[in-house]
Amino acid sequence: MNKDIIAGKWTQIKGQAKAKWGDLTDDVFDVAEGNSEYLAGKLQERYGWERDRAEKEVKEFSKTLN
């Protein structure tokens with residue numbers, strides 16, 4: 001699933017993202033609105049991951065949505 005589809009279906013998949021990354025607040029998900037780069041940045045910030053890992057996590061999450 002590409003990032004345009006994620007952005008378009010964000011309301012429906014936001015719950016799945018919350019379940020996966022429960023340490024992120026509702027505000028983060030509301031602001032992200034499917035923006036994978038923003039979400040990866042927040043994952044870096046919250047979990048202390050390197051950029052590559054955060055981007056990989058978002059990419060793998062998007063693959064589970066198909």
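**Salt bridges and a helix face**

A search of the whole structure, a predicted model, turns up 7 salt bridges.

Q: What makes Asp 26 and Lys 18 a salt bridge?
A: Their closest N and O atoms are 3.0 Å apart, and the cut-off is within 4 Å, so the pair counts.

Q: Why is Asp 26 called partly exposed?
A: Its relative accessibility is 45%. Buried would need under 20% and exposed over 50%, so Asp 26 falls in between. Lys 18, at 31%, is partly exposed too.

Q: How do you know that Glu 60 and Lys 56 form a salt bridge?
A: The closest N and O atoms sit 3.9 Å apart; with a limit of 4 Å, the pair is therefore in. Both residues belong to helix 5, 4 residues apart, or about one helical turn.

Q: Why is Glu 57 called buried?
A: Glu 57 has 15% relative accessibility, and buried means under 20%, so the label fits. Glu 57 still meets Arg 53 in a salt bridge, at 3.6 Å from N to O. Arg 53 is partly exposed, at 42%. Along with Lys 20, these two are linked in a network of salt bridges.

Q: How do you know that the buried residues of helix 2 line one face?
A: The buried ones are Trp 10, Ile 13, Lys 14 and Ala 17. Looking down the helix axis, they fall within an arc of 130°, so they line one face. Over on the other side, Gln 12 and Ala 19 are exposed.

Methods. Residues are numbered from 1 along each chain as its sequence is written. This is a predicted model: local features need pLDDT of at least 70, side-chain atom pairs count only at pLDDT 80 or more; totals for chains, interfaces and linings use all residues. Side-chain values use heavy atoms; hydrogens and water are left out. Buried means under 20% relative accessible area, exposed over 50%, partly exposed in between (1.4 Å probe, protein chains only). Helices (H or I, at least four residues) and strands (E, at least two) are DSSP runs, numbered from the N terminus. The arc is that of the directions from the helix axis to the C-beta atoms. A salt bridge is a side-chain nitrogen of Lys or Arg within 4 Å of a carboxyl oxygen of Asp or Glu.
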